[in-house]
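Let's take a walk through this model and see how its parts fit together. Keep the viewer open as you read.

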Amino acid sequence: MPVLNFEKKEERPYSDGKEAKIWHLYVGDVETRLSNYKETLVKILRDRGTRTVCDAACGIGIDSLMLLDEGYEVVSCDADEAFLQRTREMRRERPDLAHWQIGFGDWLDLKSAEVKHPAEGYDAIICIGNSFVTLPDFEGENRTHLRALQNFRDLLKVGGVLIIDHRNFEYTLAHKKFASNTQECIYYNSGRAFNVRTDLIEEEGKVTKVIFKSDMDVSGSELANGPDIKWKRRDETLVPALEMSDIPFYPHTLEGFTALLKTVFGKKADHRVLPDFKENGSDNSESEPMFWVHVIVKS
């Protein structure tokens with residue numbers, strides 16, 4: 001098994017398996033989610049003649065399954081066994097996808113993932129859904145982040161593309177609070193999360209960690225009568241709820257993350273940034289994109 005990028009497995013985000021059980025509720029309607037970026041993502045891949053794709057943060061397999069249905073050869077990795085179990089359940093429901101490779105894979109040792117990587121390298125690697133920001137910088141000076149990005153590059157063939165995103169934390173880092181004019185989230189829009197709150201952790205006057213906390217309204221779901229349910233007030237109504245685990249994010253700026261990518265891929269690498277997967281910029285110039293999506297090519 002690949003090495004863990006945390007000293008102890010229980011230190012990893014989502015390690016208790018709770019989020020894997022409720023992630024489909026957090027995501028909401030899958031087709032609504034995919035409508036926010038599927039067309040752009042598939043166009044990027046199609047325009048490059050992509051055949052093989054590694055989904056390096058597959059979660060419960062939503063994006064992997066979509067790409068498989070679009071005809072791509074997809075290998076799905078995640079460093080959370082509970083999420084991988086949900087993805088394997090999706091595979092079992094689709095006998096036509098028995099060839100779908102799903103396995104444990106840590107970004108800091110991705111070559112050793114429990115899958116068979118193509119010898120010639122992948123045409124594309126995707127790491128989306130605000131996943132990369134969950135990786136701490138264990139070694140300092142972004143050495144951990146650079147190592148993970150180098151591993152992505154190493155698994156790409158020449159001409160292969162990495163598509164990776166991170167949340168737009170510019171305003172938060174500058175003002176130590178969240179902007180009120182941010183676009184809606186393109187990935188998670190079920191409307192079930194409530195009591196959402198954040199803690200900003202500072203070191204030497206700078207925000208170095210953002211911790212998200214929330215409750216999940218599981219009304220009308222298969223989890224509504226589960227043993228971990230707590231009844232909580234949402235507006236004027238008591239609802240069955242699950243407390244989500246604290247989710248730590250390690251914020252990057254657009255400029256800073258671009259610099260990391262250029263350090264690994266080269267200063268002259270073909271690179272562009274899509275706000276919220278929009279090819280021509282945000283649909284609303286008065287609001288900030290929630291995510292910066294980087295598209296960078298290995299030369």
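One cut-off before we start: a residue is called buried when its relative accessible area is under 20%, and exposed when that value is over 50%. Bear in mind that this is a predicted model.

With that cut-off in hand, go to histidine 294, which sits in strand 12 (residues 291-297). Its relative accessibility is 0%, so histidine 294 is buried. Its surroundings fit that picture: setting aside residues up to four places away in sequence, histidine 294 touches Leu162, Ile163, Ile164, His166, Leu254, Phe257, Thr258, Leu261, His271, Arg272 and Val273. One of those partners also makes a polar contact, as the side chains of histidine 294 and histidine 271 are joined at 3.0 Å. For a sense of scale, pick serine 76, which is 218 residues from histidine 294 in sequence; their C-alpha atoms are 20 Å apart.

Now for the nonpolar interior. The largest nonpolar core has 57 residues, and the members that touch the most others are Leu41, Leu67, Ile163, Tyr187 and Phe277. Try centring the view on phenylalanine 277: beyond four places in sequence, its contacts are Asn36, Tyr37, Thr40, Leu41, Ile128, Ile163, Ile186, Tyr187 and Val293. A separate core of 29 residues lies apart from this one, and its members include Ala56, Ala113, Phe132 and Leu135.

Helix 4 (residues 62-69) is worth a look too. Seven of its eight residues are buried, so the rest of the structure largely encloses this helix. The buried ones are Ile62, Asp63, Ser64, Leu65, Met66, Leu67 and Leu68. Just past the end of helix 4, glycine 71 has a positive phi of about 100°.

Next comes helix 6 (residues 143-154). Does its length come out long, short or as expected, and why? At 1.5 Å a residue, its 12 residues should span 16 Å, and the end C-alpha atoms are 16 Å apart, so the two agree. Thr144, His145, Ala148, Leu149, Asn151, Phe152 and Arg153 are the buried residues of helix 6. They pack against strand 4 (122-127), strand 5 (156-167) and helix 8. As background for reading such a pattern, an α-helix has 3.6 residues a turn, so residues three or four places apart point the same way.

Helix 8 (residues 254-265) holds threonine 263. Is this residue buried or exposed? Threonine 263 counts as exposed, because its relative accessibility is 57%. Its side chain has a polar atom 2.8 Å from the backbone oxygen of alanine 259. Back towards helix 6, the C-alpha atoms of threonine 263 and leucine 149 are 9.5 Å apart, although 114 residues separate the two along the chain.

Helix 8 also turns up at a pocket. Along with strand 7 (206-217), helix 8 supplies at least two residues of the lining of the second largest pocket. That pocket holds about 480 Å³ of space. It has 18 lining residues, and those nearest its centre are Asp137, Asn142, His145, Thr208 and Pro251.

Stay with strand 7 for a moment and find aspartate 217. Aspartate 217 has a relative accessible area of 8%, so it is buried. Its side chain makes a polar contact of 2.6 Å with the side chain of serine 219. Outside its neighbours within four places in sequence, aspartate 217 is in contact with Arg192, Phe194, Arg234, Val239 and Pro240.

Some loop residues round off the tour. Asparagine 168 lies between strand 5 and helix 7 (170-175), and with a relative accessible area of 12% it is buried. Its side chain makes polar contacts with the side chains of glutamate 288 at 3.3 Å and tryptophan 292 at 3.4 Å.

Then there is the backbone. Most residues other than glycine have a negative phi. Asparagine 130 has a positive phi, near 65°, and lies in the loop between strand 4 and helix 6. Glutamate 204 has a positive phi as well, near 55°, and its place is in the loop between strand 6 (193-203) and strand 7. Which of the words buried and exposed fits each one? Asparagine 130 is buried, because its relative accessibility is 7%, whereas glutamate 204 is exposed, with a relative accessible area of 85%.

How values were computed:
Residues numbered from 1 in each chain as written. Predicted model: local features only at pLDDT ≥ 70, side-chain atom pairs only at ≥ 80, totals over all residues. Heavy atoms only, no water. Core = buried A, V, L, I, M, F, W, Y, C linked by side-chain atoms within 4.5 Å. Buried < 20%, exposed > 50% of the residue type's maximum accessible area, 1.4 Å probe, protein only. Contact = heavy atoms within 4.5 Å. Helix = DSSP H or I, 4+ residues; strand = E, 2+ residues; numbered from the N terminus. Polar contact = N/O pair within 3.5 Å; in protein donor to acceptor, adjacent residues only side chain to side chain. Expected span 1.5 Å × (residues − 1). 1 Å grid on protein atoms, 1.4 Å probe; cavity = no way out; pocket = protein on both sides within 12 Å on 5 of 7 lines; lining within 4 Å. Points joined across faces, edges and corners; volume = space filled by probe spheres on them.
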